[in-house]
Amino acid sequence: MEYEISETVGFRNSTYIRPAINSIARRSPSELVRPIAEGEERNMTEYLGGTLSRLRAVDTAERIGPGKKASDARTTEEFAASGAAFVADGGNTSALETAYYAAMRTLLDCIVPNREGNPILQEGGVYHGCWIESTGTINVELLSRFLPTVAQATFEQFADLQRPDGLIPYKITADGAVFKQIQLVTPPARSVWTHAALHGGDERFLRKMYQALARYDDWLATYRDTRGTGCVEAFCAFDTGHDLSPRFWHTPDTPFGNDPARCDPQSPVLPFLAPDLTASVYCSRKYLARMARSLGDEAAAAEWETKAERMSRSLVEHCYDETDGFFYDVDRHGNFVRIQSDVLLRVLASEVGDDAFFASSLRRYILNTRKFFAKYPFTSIAMDDPRFDPHSTYNSWAGPSNFLTLLRAPRAFELHGRHVELTWATQSIVSAVSRLSRFGQTLSPWTGEEGFTEAYSPAAICALDYVERLSGILPTPGGELWCTALLPCAADHGAVLAERVGYRRDVDGRRFEFVHGASGGEIYRDGELLYRIPAGVRAVLRRDGELRAIVGMGIAPAEGDVWVRGALHAIRASGNETLRYDADARAFASEGGPGVVPVSWE
């Protein structure tokens with residue numbers, strides 16, 4: 001495969017590898033289609049038949065096992081209702097498959113009924129309660145694919161317990177709502193919108209959450225912009241959930257007098273203009289615009305878009321260092337707090353920056369082995385910072401890889417079509433997941449060993465999400481199903497996690513099954529074979545199962561035949577390249593792609 005180095009100007013300059021134009025775009029549909037040779041149709045089915053049989057025999061509720069409390073039966077039934085099931089054959093067949101169902105079982109311990117009797121998600125481990133930065137946003141945004149009623153009840157409790165002045169609790173415990181800090185990282189409106197879009201929309205739910213989040217935005221604008229910059233300010237370390245991070249050395253953990261509206265007037269450095277908090281509110285405003293438009297209020301939608309754009313300009317004007325290509329806090333004296341942390345990934349996951357800026361960030365930081373791309377990424381502090389501490393035996397954002405970072409990261413990669421680059425991180429983490437026994441909060445960036453606490457819901461959700469994203473069937477809020485034909489790789493001591501895998505999901509009352517191995521895979525709907533695809537690609541389907549596209553998922557081009565409606569189409573998909581399928585013409589056409597950003601070492 002030929003590659004050329006390209007320079008692209010967008011938000012900032014970036015250099016990356018772009019594949020030469022794929023020859024498929026220059027070939028006629030008739031050259032791509034050929035009849036099926038005798039016996040060819042049976043080969044893959046026979047190879048994958050045992051895995052498919054095992055997948056069809058899975059009783060998800062039985063694999064999860066009995067719960068410890070009465071409400072667990074209801075949660076287990078909902079897991080089973082999603083149809084989600086996973087099997088792995090060949091190699092160390094028990095490790096990853098066992099971890100997958102252990103993650104579901106761990107989540108049972110993290111889901112408890114609220115005062116109304118509705119099961120809601122808890123953070124888990126030593127964290128007794130539900131936190132807006134994680135449990136109430138990114139955790140349930142992803143859990144919604146498996147347990148939608150749990151997700152919706154978890155979202156709604158934050159609106160139900162909102163203060164009259166508009167402040168939403170930063171956490172909810174058995175004793176009620178707590179308002180000591182804001183702890184706002186993942187954009188709440190984005191998480192709510194994703195849940196609603198994934199499940200067809202619920203106007204009552206959407207209107208309730210829209211009104212609550214609009215009032216919350218007013219509170220933030222009133223009390224967290226004391227310097228008049230248009231940015232959102234951090235008054236303490238816990239505002240961003242960056243416990244023990246060097247980012248907040250010489251600052252208190254909580255706001256002045258434990259009042260979220262007050263900053264210590266004697267602090268030598270606070271308040272910070274915080275890029276991650278600002279980006280989170282910017283992104284929420286974009287999704288509040290979508291909510292308003294969906295609810296029929298075009299004027300409000302336009303106003304939210306204007307507010308979002310204004311905040312985006314403030315973020316770049318105040319917190320972005322053009323020389324470093326990085327976002328930093330700005331202290332009360334106007335100085336950058338030059339700690340390179342996962343703030344960058346948080347900002348990117350809040351949909352800040354264009355494709356070129358993201359490519360530049362990948363090359364300089366995220367895929368840089370001196371910065372954040374450890375053996376088990378992504379570290380919470382850049383590894384070349386002298387304050388970096390890799391120890392993961394305590395609640396630390398001073399170095400180790402945290403599962404919350406891993407949950408947030410895919411949004412940034414996939415927004416910019418960087419599917420291949422994401423798999424490099426996903427493969428490492430899936431390898432670590434196969435060894436989880438406690439589901440802790442952190443991972444050693446060197447060894448992948450789990451660290452502090454246990455029964456931590458983000459770790460369990462990450463296990464389910466990454467397996468589905470790497471090798472399964474992933475439903476998206478855009479109305480698609482992603483079937484990815486990648487096997488978990490032998491990252492640790494050559495251990496083979498699987499030679500063949502199977503994944504199952506129920507979507508809109510129909511059962512989808514996907515089995516694949518080293519030579520490719522098969523996709524079934526209600527027991528009927530729909531497609532065969534080569535290894536190393538992602539088949540993008542509509543929710544009804546109609547094929548939309550094939551995406552190249554490896555740095556080396558994926559080549560082979562796609563079987564569609566009795567015909568074979570020879571394809572060659574470069575990394576991150578999309579081949580769009582035209583059902584009427586019965587042909588694929590390349591839409592190109594951004595190329596692949598390589599790992600950097602200096």
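At what angle do helix α6 and helix α16 pack, and how far apart are their axes? The views below show a predicted model, in which local features need pLDDT of at least 70, side-chain atom pairs count only at pLDDT 80 or more, and totals for chains, interfaces and linings use all residues. Residues are numbered from 1 along each chain as its sequence is written, and side-chain values use heavy atoms, with hydrogens and water left out.

**View 1. Packing of helix α6 with helix α16.** Helix α6 (residues 135-143) and helix α16 (residues 457-471) pack at an angle of about 40°, with their axes 10 Å apart, which makes α6 oblique to α16 (neither under 35 degrees, nor over 145, nor from 65 to 115). The contact (heavy atoms within 4.5 Å) involves N139, L142 and L143 of α6 together with S457, P458, I461, D465 and R469 of α16.

**View 2. The largest pocket.** The volume of this pocket is about 680 Å³; a pocket is an open set of points on a 1 Å grid where a 1.4 Å probe fits, with protein on both sides within 12 Å along at least five of seven lines, and lining residues have an atom within 4 Å of a point. Of the 33 residues that line the largest pocket, P113, N114, I120, Q122 and Q157 lie nearest its centre, and α7 contributes the largest share of the lining, six residues.

**View 3. The second largest pocket.** This pocket has a volume of about 550 Å³, and among its 26 lining residues R411, E414, T476, P477 and W482 are the closest to its centre. Helix α14 gives the most to this lining, with six residues.

Terms used. Axes are lines fitted to C-alpha atoms, for helices over the stretch in contact, and angles run from 0 to 180 degrees between N-to-C directions. Helices (H or I, at least four residues) and strands (E, at least two) are DSSP runs, numbered from the N terminus. Grid points are joined across faces, edges and corners, and a volume is the space filled by probe spheres set on the points.
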